[in-house]
Each structure stands twice: as structure tokens, then as C-alpha cells.
Amino acid sequence: KDVSAAESTLDGWLADIGITGQDPDPEPTPDPEPEGTPIKITVGNTALDGVIYDTALAEEIKEHFPLTVSMSGYGGREYYGGLSFTPGTSQNGQLNFENGDITYCRTNNTMAIFYAQTDRPNLTMEVVPIGRVTSDLSVFSSLGSREDVTFSLADAGTDDDSDEKD
């Protein structure tokens, strides 16, 4: 006979002992992005900023920097191209992307830069995010169908011994 009031009674008791209810539809918490090393991405005369993540796979690819990849535009959302080496590090991938993602696809041994969500956000092959373009992505909309993209470590400054005095 007390069932109709049970929910409010139970909620009151839980609040008294310091247990609060949970939001039934909580906002999903995005996974924190891995830490990264600053990189430069050069397309033609345009230099973009980015990071390469501090993961085993990304570190293995970073060993080949500066790395130039001949990339083709695909679907108004990405540029991708094959690597001249095959990373030995394996990592689980995903079938979606965020704008700015730099990814590796083991299936076809390619790197890609995703720059625009489309009406087809789901991918057919798993990709592993290995970095991110942090500059404005609008340059990708105006590129040709094939572009050489060079990934290199960001300048760490020059070491010209100018701080030495005689």
C-alpha cells in the first residue's frame, strides 16, 4: 500500500545519507585527448600547426619525420595517402572522426587528415587518431585533388649560441 510514495521516501532517505540521484541523461564525457608534441604540416606554401600524440603508434610514425605523403582528396572530408613503411605498432581503431584528426589506417597503410564532417560520418575502415591539426582547416577546401603533405616537428627554436658572451 506504500508503493505509490516509495520513490519520494527512498529519494529522501538517500539524500539524508548523502547519496544523490544521478542525471538519467548525463552528457557523455569526451575522452581526454592524449598529450602531444607540436608539429608542422606543410601543404604547398601553407604551413599548419598540429600535434602528434604521445602514443606508441604515433611515436613510431614520428620517427620518420620529416615525412612527405602524397595525399588525395576524398569525399569533401579528408585527404589520405599511403606510407612508404609499415608501422609495427598495433592499436585499436574507430569508425568515425573529428574534424582536424590526423589518423592512421592499418587496413590500407595510409595516413589521413579529416577536415569536414559530411552526411556520411561513418567510415568503412578503422582509423587510429595519431594527431590533430590545430590550425584553421579551411585551407583543405581549396586544395587540388592531389597534394604532397609534409609532417615535421615544429621548430624548437634556433641554437645559434647567441647567449654566449666573450
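Which residue meets the side chain of Arg132 in a salt bridge? The partner is Asp101, and their N and O atoms lie 2.7 Å apart. A salt bridge here is a side-chain nitrogen of Lys or Arg within 4 Å of a carboxyl oxygen of Asp or Glu. Arg132 sits in strand β7 and Asp101 in strand β5, so this pair ties together parts that are 31 residues apart in sequence. Helices (H or I, at least four residues) and strands (E, at least two) are DSSP runs, numbered from the N terminus.

Before we go on, please keep in mind that this is a predicted model, in which local features need pLDDT of at least 70 and side-chain atom pairs count only at pLDDT 80 or more, while totals for chains, interfaces and linings use all residues. Residues are numbered from 1 along each chain as its sequence is written, and side-chain values use heavy atoms, with hydrogens and water left out.

Both ends of our opening pair are buried: Arg132 has a relative accessibility of 16%, and Asp101 has 4%. Buried means under 20% relative accessible area, exposed means over 50%, and partly exposed is in between (1.4 Å probe, protein chains only). The whole structure holds three salt bridges. Another of them links Glu78 with Arg77, at 3.1 Å from N to O. Glu78 is buried at 8%, and Arg77 is buried at 5%. Lys62 and Glu59 also form a salt bridge, with their closest N and O atoms 3.2 Å apart. This pair stays within helix α2, its members three residues apart, or about one turn of the helix. Lys62 is buried at 18%, whereas Glu59 is partly exposed at 28%.

Now follow the chain out of α2. The loop between α2 and β3 contains Pro66, and the peptide bond from Phe65 to Pro66 is cis, with omega near -5°. Another backbone feature is found at Asn109, in the loop between β5 and β6. Asn109 has a positive phi of about 50° although it is not a glycine, and it is buried at 15%.

Next, the interior. The largest nonpolar core has 29 residues, and those touching the most other members are Ile41, Ile61, Ile102, Met111, Ile113, Ile130 and Phe151. Such a core is a set of buried Ala, Val, Leu, Ile, Met, Phe, Trp, Tyr and Cys residues joined through side-chain atoms within 4.5 Å. Elements giving two or more residues to this core include β1 (36-43), α2 (56-62) and β8 (146-153). A second, separate core of six residues includes Phe97, Cys105, Phe114 and Leu123.

Ile113 is a good place to look around. Beyond its neighbours within four places in sequence, Ile113 is in contact (heavy atoms within 4.5 Å) with residues including Ile41, Phe151 and two we have met already, Arg77 and Asp101.

Arg77 and Glu78 also bring us to the second largest pocket, where they are among the lining residues nearest its centre, together with Asn108, Thr124 and Met125. A pocket, on a 1 Å grid over the protein atoms alone, is an open set of points where a 1.4 Å probe fits, with protein on both sides within 12 Å along at least five of seven lines; lining residues have an atom within 4 Å of a point. This pocket holds about 250 Å³ of space, the volume being the space filled by probe spheres set on the points. Strand β6 gives the most to its lining, with four residues.
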